[in-house]
Amino acid sequence: MTDYPATARERIWQFGTSHRKMARTGGPVVFDTADGCHLVDSTGRRYIDALSGVWVVNAGHSHPDIVAAMTAQATRLGYALSEEGFANTAAVDLATRLTDAVDGVYDRVYFTTGGSESVEMALRMARLYHSARGKPGKRTVISRQGSYHGTTLFTLGLSSYDIFSRAVGPLPDGLAKVVHPTCADCPLGRSYPGCAVGCAQDLADTIERLGPDTVAAFVAEPVSTSAGVAVPPPEYWPAVREICSRYDVLLVADEVVTGIGRCGDVLATRRFGIEADIVALAKALTSGYAPLGAVLTHRDITTGMPANALLIPGFTFTGHPVACAAATANLDILCRPEVHDGVHRKSARLATALRDRLGGRPHVGGIRVFGLLAAVDLEPPPTVPGRRTPSAAELSQLMTGWLLESGLYTRVVEGCVQLGPPLLAPDDLMDAIADHLASAFDRLAEHLGRIR
Ligand SMILES: Cc1ncc(COP(=O)(O)O)c(C=O)c1O
């Protein structure tokens with residue numbers, strides 16, 4: 001019988017960790033099957049999927065409608081070139097379904113195969129838009145400290161993963177960063193509401209400093225998971241929208257995580273009452289049944305782009321028919337008012353369950369929930385002179401392992417437990433997730449008590 005973890009270590013590059021670490025923990029966990037809200041690994045162990053993979057499987061695993069749509073499409077047309085003067089019916093149907101889902105506010109789509117490509121293409125389109133309209137000097141892209149936008153050199157440069165960026169640099173130039181709206185730990189040292197959302201003003205100041213004629217776009221996630229589900233104050237997004245319009249800087253919403261119902265609406269920007277100029281989607285667009293991303297342009301941008309603008313070369317797999325068929329079936333499942341209502345209801349239940357079961361427990365820090373995105377901070381133990389304090393990375397690894405042992409899959413990254421169950425999960429799964437976390441925090445307290 002194949003020893004899958006050992007063979008995976010031998011035969012597959014594991015990015016985001018080291019092979020030495022994998023060997024030490026006996027990893028990787030190799031998933032084999034899944035159904036609904038559960039994953040099963042190659043040894044038969046079953047886990048609650050408390051993160052929908054990585055905020056991907058919004059419709060849950062093995063959904064029969066998506067499987068049927070993909071099978072039918074693969075039989076009908078598995079692949080055809082879908083650019084340079086060609087398209088396919090599945091891609092056209094999906095583009096129509098998607099633009100309908102956003103009420104036609106965004107009215108044209110470019111398909112990619114993932115989030116990094118979506119963000120990268122969105123920003124290239126922003127640059128093309130300006131140069132096609134006679135402003136070729138508008139090149140710089142501004143992002144926020146603490147964000148993650150992808151793994152191509154451009155999107156990695158916009159992210160705040162310096163350790164990775166340094167390893168593969170030099171990064172492209174024409175990138176700048178502003179502060180993140182993390183009120184719980186304000187980077188400007190201010191407190192809300194007296195701060196007058198100085199975090200948004202930092203964008204205006206940065207555009208002024210760089211010169212408005214040089215700035216093409218500002219890219220940001222409506223709510224950033226890499227910044228620990230930091231929910232901006234209500235004034236933040238309207239202020240950012242106004243600043244971008246004032247300086248003719250395109251607002252690019254990275255809705256790779258937050259889009260397709262995760263936050264209780266098709267797009268999270270709608271919850272903040274704003275329209276972006278370009279939206280990047282991926283992850284849950286097919287609920288993970290096939291790799292697919294999309295770039296949506298606002299109707300004003302679509303009409304503002306000269307019809308003779310020469311667009312850049314695209315991807316071989318743009319508009320992949322089977323992926324598009326999966327996405328159309330997925331949108332039929334997820335873009336329904338009762339699904340969005342369910343997200344709001346389960347969000348409240350998850351918040352209550354986490355606060356009831358974890359509040360006051362040792363080493364539990366902040367708890368933040370927005371839609372079905374949640375984060376629980378791990379409070380590090382106080383430092384004691386002469387004794388080694390375990391790092392956030394060490395504690396995170398221990399917590400991840402204990403949660404897996406108890407039958408719950410999620411990620412704990414840099415001292416933050418990330419959560420995001422499938423949107424169709426039964427309501428009581430929220431309580432079960434909180435119970436698993438409570439046991440893992442108890443184990444952490446025991447462990448830290450022993451080593452002190
Ligand atoms: C906000 C955000 N943008 C972009 C990406 C990149 O997406 P992908 O991994 O599909 O390239 C991610 C990935 O996690 C993300 O969280």
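Let me start with the ligand. In this predicted model, 14 residues surround the ligand. The closest of them are G114, G115, S116, G150 and V256. Which helix gives the largest share of the shell around the ligand? That is helix α6, residues 115-132, with three residues. By class, the shell holds seven polar residues, five nonpolar ones and two charged ones.

Next, the seven-stranded sheet. The sheet is open, and its strands come in the order β4-β10-β9-β8-β7-β5-β6. The pairing is mixed. Which strands stand at the edges? They are β4, residues 106-112, and β6, residues 175-178, and each of these pairs on one side only. Going from one strand to its neighbour, the average turn is 25°, with direction ignored.

For one pair inside this sheet, look at β7, residues 215-220, and β8, residues 250-254. These strands run parallel, and four bridges join them. If you want a place to find the pair on the screen, take A220, which stands opposite A253 in β8.

Helices pack on this sheet, and I will mention two. Helix α5 touches β4 and β10, and the direction of α5 makes about 135° with that of β4. Helix α9, residues 198-210, touches β5, β6 and β7. The direction of α9 makes about 150° with that of β6.

Now stay with α5, because it leads us to another helix, α13. Helix α5 covers residues 89-101, and it packs against α13 at an angle of about 30°, with the axes 8 Å apart. The two helices are therefore roughly parallel to each other. Their crossing is left-handed. On the α5 side the contact is made by A90, A91, D93, L94, R97, L98 and A101. On the α13 side we have P321, C324, A325, A327, T328 and L331. Sorted by class, this contact has ten nonpolar residues, one polar and two charged.

Helix α13, residues 321-334, also packs with helix α4, residues 64-76. Here the angle is about 150°, and the axes are again given as 8 Å apart. That makes α4 roughly antiparallel to α13. Which hand does this crossing have? The crossing of α4 and α13 is right-handed. From α4 the residues in the contact are D65, I66, A69, M70, Q73 and A74. They meet P321, V322, A325, A326, T328, A329, N330 and I333 in α13. In this contact there are ten nonpolar residues, three polar ones and one charged one. Note that P321, A325 and T328 of α13 are listed in the contact with α4, and they are listed in the contact with α5 as well.

There is one more helix pair to show. Helix α15, residues 392-405, and helix α16, residues 429-451, have axes that come within 10 Å and cross at roughly 130°. What does that make the pair: parallel, antiparallel, perpendicular or oblique? The two helices are therefore oblique to each other. The crossing is right-handed. In α15 the contact residues are L395, L398, M399, W402 and L403. In α16 they are H436, A440, R443, L444 and H447. By class that gives seven nonpolar residues, two polar and one charged.

Last, the remaining strands I want to cover. Another open sheet has four strands in the order β1-β2-β3-β13, and its pairing is mixed. At the edges are β1, residues 31-35, and β13, residues 408-409. Each has a single partner strand, so one side of each is left without a neighbour in the sheet. The partner of β13 is β3, residues 46-49; the two run parallel and are joined by two bridges. In that pair, I48 stands opposite L408.

Finally, a hairpin. Strand β11, residues 364-370, runs antiparallel to strand β12, residues 373-378, and five bridges join them. One of the paired positions is V369, whose bridge partner in β12 is A374. How many residues lie between the strands of this hairpin? There are two, and G371 takes a positive phi near 60°.

Key: Residues numbered from 1 in each chain as written. Predicted model: local features only at pLDDT ≥ 70, side-chain atom pairs only at ≥ 80, totals over all residues. Axes fitted to C-alpha atoms, helices over the stretch in contact; angles between N-to-C directions. Parallel < 35°, antiparallel > 145°, perpendicular 65-115°, else oblique. Left-handed = near helix turned anticlockwise from the far one by under 90°. Contact = placed C-beta atoms within 7 Å. Nonpolar A, V, L, I, M, F, W, Y, C, P; charged D, E, K, R; others polar. Near = placed C-beta within 6 Å. Pairing = 2+ DSSP bridges.
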